[in-house]
Amino acid sequence: ILRCLVGSEMCIRDSYKCDYNEYFMFDFYHKNDTIRKTFITGVQKRDYIHMYNTDDAIKLFRNKYETYKMFKDLYKRDVIEITSDADYKKFEEFITKHPKFIKKSNNLSCGKSIEIINSADKNKKELFSKFLNESDSTVLEELVVQAEETAVFHPESVNTIRVITFKDLDGEIKIKYPFLRVGVGSSIVDNGGAGGLICLIDEKTGKIITDGVSEKRYFYKYHPDTCIEIKGYQIPDWDDALNLAKEAQKRIDDARLIGWDLAYTNNGWVLIEGNGHTQFIGQQIADQIGKKVPFEKMIHYK
């Protein structure tokens, strides 16, 4: 059985340049070869990324705190990093100002290790030691308080949009296939990998143009917790969101293809993080349409 499973995955990877998870999420077992080849897979994505982003830039975006330092004014909130005992004073000042905050282990993705911490009822030194023991680099962030317009889907999580930007050689910044992610149940994160829903957004109007879908391929016309109808919802201040992503992209030259995560607050859009190794799963499972041809045309890929 094990040989069959391994052999099947190798066959899928060799034939369609994808893994078995993508084969399932893209519904390839109901599609012919011609349609399958219109999808951007993880293997093909790596070609794009390494063509347009340097290794140093990818490394930068994998480090949440280094990314914050570069785009601090676009985050519009306080963020600190804890790596050693020397950071205790900085930690103490931060939790005095922000008793309730978000904790993340640096260099992890897909919502892993993210917790909301309320330090008011905890021993400060014990909490600090716990963070040091858990990771060699822990990032603490001031809580993002999302506005009602996006909280309406799922108030327990900060629901974010992913906007992919591509910087052309003449400096023009293009945007393609943005999508919204919303949490489900008691989850405080909206990532698809953590069970969240994904829905595609029209890049020109900011309207949601698909139902919600999970990475297990469950489709939802209405959010399962709040019963909000998903398709047709207008994302607020859409031009401001696109302008924020473009402004961030302008500031870096050695990464020309980046996925930006943005959240909407009462003070407008804020940057959550940048992704130098952005994925193309959400954009394609939402409507089950491959995006390879128009995307490669946009980035001049040959």
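Reader: In this predicted model, is Tyr88 buried or exposed, and with what relative accessible area?

Author: The structure is a predicted model. Residues under 20% relative accessible area count as buried. Tyr88 falls under that cut-off and is therefore buried, with a relative accessible area of 19%.

Reader: What geometry does the aromatic pair of Tyr88 and Phe128 have?

Author: A pair of aromatic rings is described by the distance of the centres and the angle of the planes. For Tyr88 and Phe128, the centres lie 5.1 Å apart and the planes meet at 85 degrees. Planes over 60 degrees apart count as edge-to-face. The pair of Tyr88 and Phe128 is accordingly classed as edge-to-face.

Reader: How many residues apart are Tyr88 and Phe128 along the chain?

Author: Tyr88 belongs to helix H8 (residues 88–97), whereas Phe128 belongs to helix H9 (residues 124–134). Phe128 is buried, at a relative accessible area of 4%. The pair links distant parts of the chain, its two residues being 40 residues apart.

Reader: How many aromatic pairs does the structure hold, and why is the pair of Tyr48 and Phe280 given its class?

Author: The structure holds 24 aromatic pairs. In the pair of Tyr48 and Phe280, the ring centres are 6.1 Å apart and the planes stand at 85 degrees, so the class is edge-to-face.

Reader: Which elements hold Tyr48 and Phe280, and how many residues apart are they?

Author: Tyr48 is buried at 0% relative accessibility, and Phe280 is buried at 4%. Tyr48 lies in helix H4 (residues 42–52). Phe280 lies in the loop between strand E11 (268–275) and helix H12 (282–285), and the separation from Tyr48 is 232 residues.

Reader: Which lysine residues lie over the ring of Tyr177?

Author: A charge counts as sitting over a ring if NZ of Lys is within 6 Å of the ring centre and within 35 degrees of the ring normal. Lys176 lies over the face of Tyr177, at 5.6 Å from the ring centre. The charged end of a second lysine also sits over this ring, 5.6 Å from its centre. The residues asked for are Lys176 and Lys291.

Reader: Which strand pairs with E1, and in what direction do the two run?

Author: Strand E1 (residues 79–82) is covered on both faces, with Val79 and Glu81 buried on one side and Ile80 and Ile82 buried on the other. Ile82 stands opposite Thr138. Four bridges join E1 to its partner, strand E4 (residues 138–142), and the two run antiparallel.

Reader: Which helix gives the most to the largest nonpolar core?

Author: The largest nonpolar core has 37 residues, and among those touching the most other members are Phe71, Trp260 and Trp269. The greatest contribution to this core is six residues, from helix H11 (residues 238–250).

Reader: Is Lys103 buried or exposed, and which side chain does it join in a polar contact?

Author: Lys103 lies in strand E2 (residues 100–105). At 2% relative accessibility, Lys103 counts as buried. A polar contact of 3.3 Å joins the side chain of Lys103 to that of Glu134.

Reader: Which residues does Glu273 touch, not counting residues up to four places away in sequence?

Author: Glu273 is found in strand E11. At 17% relative accessibility, Glu273 counts as buried. With residues up to four places away in sequence left out, Glu273 touches Lys64, Tyr75, Gly259, Trp260 and Asp261.

Technical notes
Residues numbered from 1 in each chain as written. Predicted model: local features only at pLDDT ≥ 70, side-chain atom pairs only at ≥ 80, totals over all residues. Heavy atoms only, no water. Phe/Tyr/Trp six-rings, centres within 6.5 Å; stacked < 30°, edge-to-face > 60°. Buried < 20%, exposed > 50% of the residue type's maximum accessible area, 1.4 Å probe, protein only. Pairing = 2+ DSSP bridges. Core = buried A, V, L, I, M, F, W, Y, C linked by side-chain atoms within 4.5 Å. Polar contact = N/O pair within 3.5 Å; in protein donor to acceptor, adjacent residues only side chain to side chain. Contact = heavy atoms within 4.5 Å.
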